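Work through the exercises below with the model open. Each task is followed by a stepwise solution.

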2 protein chains.
Amino acid sequence: MTHGRSSNILFIMCDQLRHDYLGCYGHPALKTPHIDSLAERGMRFDRAYVQSPVCGPSRMSTYTGRYPRSHGTTWNSFPLRVGEMGMGDHLRPLGVRTALCGKTHMVADRKGMERLGIAPSSPEGRLMAECGFELWDRLDGLHQRASGKQPTHYQARMQARGYRTDNPWEDYANAPLGDHGEALSPWHLSQAHRPARAAERDTETAYSTDRAIEFMEDAGDRPWCLHLSYIKPHWPYVAPAPYHRMYGARDVIPVVRSDMELRDPHPILREFHRNRVSQVFSRPEVRDRVIPVYMGLIKQIDDNIGRLLDYLRKSGQAQRTMIVFTSDHGDYLGDHWLGEKDMFHDCAVRVPLIVMDPSPAADATRGTVSDALVECIDLLPTFIEYYGGTVPTQIIEGKSLIGLLHRSRAKLREVAISEYDYSVRKARVGLEMPVADCRMQMVFDGRFKLVNVVGFRPMLFDLAEDPDELRDLGADPACREVIVRLTRALLDWALRHHCRVTVSDADLQDAIGGEARAGIYLGCWDQGDIDQIIRSGDSGY
Amino acid sequence: MTHGRSSNILFIMCDQLRHDYLGCYGHPALKTPHIDSLAERGMRFDRAYVQSPVCGPSRMSTYTGRYPRSHGTTWNSFPLRVGEMGMGDHLRPLGVRTALCGKTHMVADRKGMERLGIAPSSPEGRLMAECGFELWDRLDGLHQRASGKQPTHYQARMQARGYRTDNPWEDYANAPLGDHGEALSPWHLSQAHRPARAAERDTETAYSTDRAIEFMEDAGDRPWCLHLSYIKPHWPYVAPAPYHRMYGARDVIPVVRSDMELRDPHPILREFHRNRVSQVFSRPEVRDRVIPVYMGLIKQIDDNIGRLLDYLRKSGQAQRTMIVFTSDHGDYLGDHWLGEKDMFHDCAVRVPLIVMDPSPAADATRGTVSDALVECIDLLPTFIEYYGGTVPTQIIEGKSLIGLLHRSRAKLREVAISEYDYSVRKARVGLEMPVADCRMQMVFDGRFKLVNVVGFRPMLFDLAEDPDELRDLGADPACREVIVRLTRALLDWALRHHCRVTVSDADLQDAIGGEARAGIYLGCWDQGDIDQIIRSGDSGY
């Protein structure tokens, strides 16, 4: 497949956006016409799973095309080990300018870089610090402040627009507007219904959209891949006017939970039920106050995506730009008596994924929905194939979606896998687990979802009989066979090569008999044997 | 534990030395008094297993303290990925000069280095090319020639001694002496009984010993760790006089094999039975010709170790030098109808391991034998502890032997693990396996040895009932429970973190509640909730 020199990808990621909070994914009240229009013109994936239900590991998986166990960033802010290749490291050699606009949650492996003599200010060091992306605009939001990073372009722009602050997130964009114009705390969920203190055009979502358009202006005719990474609808749940009151409690879809889930729950679930954030989101008034704002933030993203699509049309790039829309994980919002996103129920680990491939070959699937099990690590190989490259399968563990998009195949894999490391969560103490053993893995075959919990019995859900995942069958003797089968699939996956990254499968294909070619003749009694090897070209080993 | 500034380690490794070809390991005819004297003054490990039965992966495991699946070098000459830390990278920060004298089989990840902007000629680049060792003297033997490397110091020394050749291995040290003084081929096993064309003092074993003594002279009073890595008794099976005829066919221990092994063997074994080298070593006349020479090469090593021990005594370093003796894997030599070392029978995967720790704390175990399951990856953490360092458990997967040496513990682990990647072996074609799936793993609990073969049934041996491993129980329904149990142990191991190398366990221990400390308050309805978090220091998550 060739796209000529000017093929582009606009790769949009939201943060903490559940799969079911979009019009095209069936939300009854939330209208997202622009995102829906992508689904109409592209393929919508109905069973897309992230490789970890938290930002850092999920994103590092998306950017490297590798599972958390392979890239090693198993939780937020764990540095990505030096040498791991990011999206730009794979796409740049194909002539593609690969840039970041927004959030990545990337933390560089400074110790590793120092050990290898790589200066942070060197070209390689700078790319490494951004997971291989050219730094167009990074905006990690609160994390940026928490980690004591340098002032951002966003901050400078806000100041240029008259906002007198060096912390525009907390003082304006994420601050509910007080009765006297003052900033309220971003952390008071009780204030979520108030508008943000910043105007819509000055919030992160609008800002990142502006910056993305500026990038596309800047990029000109050279092929580009822009990762536009919105930090919303992630908390703080604060939306600017008019989005703060576009939805109300009547628009909130019913909570998905059952008292059954509280009766003798799996020990790890019991621990997470106890979290403050789980307790709070289990209260109806919290959901009714917060979820409409969450929806408003999504609506705002949709409108901003409208601006992007407009720009692409007007600039003549729409016909040569693949558009990808996804999220890094979901949000429990009180479902299953949980808040945040640490476990493997669909509302946490299943994400929206829409791919609009402009190639004529993709015409066959426009407007269709795929129920293939796909993973976020499939995006990078998709991009490589889109740009005409060869996927280095010894490094990248995902599989290109191009075959699905072009209807040359209907399925990529038998099981989807996700991982979670709870070593920095309070549950570790409650369960008295050593930090090295706080590990869980999900294996989902499209019907049964097994959650392996190191040190405990597994959880099991049958999504055919129980699509809401309310009945944990992990201790049910009748399910023993399913558990054995999925555990075997987990073993097969775990035993794959994850680190044999320096030798390609193609190299290996031709490597048999290397000794003889190097003049090393094993198992020869005399010259007759050696002659036979030379004649036959078969070293016999 | 502190040893003062001048504690040393002499870490001796042989290549392809079986565990049972030493006096102290019970060989009836082969006398190895110098190595035996180490066992008398130290601890002899009776169940030491390498992490792969071939040189490259086994050595990279020993040097990194990590399993092949973690460091990624799953076969010979697969480059060790950039960023993996070698022995010297761990010991140098402890003030220890860590040098190589002999073979490593290390191949640098040039592509990775180039990508990261690391010049091969930089200090970091040079260390990386030697797996973290200071290059004192590298001698990879034939591999050096095969890989087209630069002339070695050995070559220069040979030329200075009047050997007119640029290939002293093939023309002298490994060339059987012909009737007219000419060099015969190193590959004619039929000529193995002839002496090498080089004098003993000019063979690799003597040369590496000389160079090791030169290093110890050079090192002075600074703490050092010298990896003296003999390339013998690895093939070519050619010994210098008088070692070439020190043993005869009468000294060869009986072959360990049974016709039972040829009846319906496991498919992977059937493939390896077909190898030329397996066929050849299954012939009695080959064993009778070759094994006495293999024994002679070991005897030569023992005598050279005598020279080293003499030097240490005379130089006054004996009391402050830990001496470690081991091998990188064994040699089938016709046992089980196999040659070379690709499978997991004890003669391939079990190695001799002797540790002579000079510390008074080790007095309690001098001359004793440990039957603890130990792995070659345990050496690096042992060395770190010996020098007073802290083992970075997020990187190093082995466990220090110091506790065993000082009798503070009797056991390190429940199972020993080893891995093998046969993607570049002919068996891959015979079995029609994709290169990514040519994987096997051994799990040995001290009695049962399970070999998991991806795509096939497992093999199982009960070493209590069948110490010679002649009866494969892998298809025996009566053994189902054992297989399930060991497969579960394999899963537990495979699911461990292998790549979470950038965050230490100690860091994680204190990381819970990091959000609140960074001013991020999740799940708070109002200021009262935030105040409570601040008061209690408990983020509730």
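**Exercise 1. A charged pair within chain A**

Task: decide whether D335(A) is buried or exposed, then find what ties it to R18(A).

Solution.
- Step 1. D335(A) has a relative accessibility of 3%, so it counts as buried. The cut-off for buried is under 20%. Bear in mind that this is a predicted model.
- Step 2. R18(A) also comes out at 3%, and it is therefore buried.
- Step 3. The two side chains form a salt bridge, at 3.0 Å from N to O.
- Step 4. Place the partners. D335(A) sits in the loop between β6 (321–327) and α14 (346–349) of chain A, and R18(A) in the loop between β1 and α1 (33–41) of chain A, so the bridge ties together parts 317 residues apart in sequence.

**Exercise 2. Another long-range bridge**

Task: which residue forms a salt bridge with K103(A), and where does each partner lie?

Solution.
- Step 1. The partner is D15(A), with the closest N and O atoms 2.7 Å apart.
- Step 2. K103(A) lies in the loop between β3 (97–102) and α5 (110–115) of chain A, while D15(A) belongs to strand β1 (residues 8–15) of chain A. The two are 88 residues apart, and the pair links distant parts of the chain.
- Step 3. Check burial. K103(A) has 2% relative accessibility and counts as buried. D15(A) is buried too, at 0%.
- Step 4. Widen the view. Over all chains, the search finds 93 salt bridges. In chain A, R44(A), D46(A), D346(A), R350(A), K449(A) and E469(A) are linked in a salt-bridge network.

**Exercise 3. The interface**

Task: describe the contact of chain B and chain A by residues, area and polar pairs.

Solution.
- Step 1. Count residues. Chain B contributes 95 and chain A contributes 94.
- Step 2. Take the area. About 8,500 Å² is buried between the chains, and carbon and sulfur atoms give 58% of this.
- Step 3. Find the main losers of area in chain B. R276(B), W525(B) and Y541(B) lose the most to chain A, together 12% of what that side buries.
- Step 4. Count polar pairs. There are 42 residue pairs in polar contact across the interface, both residues at pLDDT 80 or more.
- Step 5. Name the leading element. Helix α18 (residues 480–494) of chain B gives the most to the side of chain B that touches chain A, with 8 residues.
- Step 6. Sort that side by type. It holds 40 nonpolar, 26 polar and 29 charged residues.

**Exercise 4. Bridges between the chains**

Task: how many salt bridges are there between chain B and chain A? Examine the bridge of K426(B) and D538(A).

Solution.
- Step 1. The count is 10.
- Step 2. One of them pairs E515(A) with R425(B), with the closest N and O atoms at 2.9 Å.
- Step 3. The side chains of K426(B) and D538(A) meet in a salt bridge at 2.7 Å, N to O.
- Step 4. K426(B) lies in the loop between β10 (416–421) and α17 (427–430) of chain B, and D538(A) in the segment after α21 (527–536) of chain A, so this pair joins two chains.
- Step 5. Now exposure. K426(B) is partly exposed, at 33%. D538(A) is partly exposed as well, at 30%.

**Exercise 5. Two helices**

Task: test the length of α13(B), then judge how enclosed α13(B) and α15(A) are.

Solution.
- Step 1. Helix α13 of chain B covers residues 284–314, which is 31 residues. At 1.5 Å a residue, it should span 45 Å.
- Step 2. Its end C-alpha atoms are 45 Å apart, so the values agree.
- Step 3. In α13(B), 22 of the 31 residues are buried, so the helix is largely enclosed by the rest of the structure.
- Step 4. Look past the end. G316(B) follows α13(B) and has a positive phi, near 75°.
- Step 5. Turn to α15(A), residues 379–386. Here 7 of the 8 residues are buried, so this helix is also largely enclosed by the rest of the structure. Among the buried ones are L379(A), P381(A) and F383(A).
- Step 6. Just after α15(A), G388(A) takes a positive phi of about 90°.

Methods. Residues are numbered from 1 along each chain as its sequence is written. Chains are lettered from A and ligands numbered from 1 in the order in which they are written. This is a predicted model: local features need pLDDT of at least 70, side-chain atom pairs count only at pLDDT 80 or more; totals for chains, interfaces and linings use all residues. Side-chain values use heavy atoms; hydrogens and water are left out. Helices (H or I, at least four residues) and strands (E, at least two) are DSSP runs, numbered from the N terminus. The expected span of a helix is 1.5 Å times one less than its number of residues. Buried means under 20% relative accessible area, exposed over 50%, partly exposed in between (1.4 Å probe, protein chains only). Contact means heavy atoms within 4.5 Å. Buried area is the accessible area (1.4 Å probe) that two parts lose on being put together, summed over both. A salt bridge is a side-chain nitrogen of Lys or Arg within 4 Å of a carboxyl oxygen of Asp or Glu. A polar contact is a pair of N or O atoms within 3.5 Å; within protein, one must be able to donate a hydrogen and the other to accept it, and residues adjacent in sequence count only if both atoms are side-chain atoms. Ala, Val, Leu, Ile, Met, Phe, Trp, Tyr, Cys and Pro count as nonpolar, Asp, Glu, Lys and Arg as charged, and the others, Gly among them, as polar.
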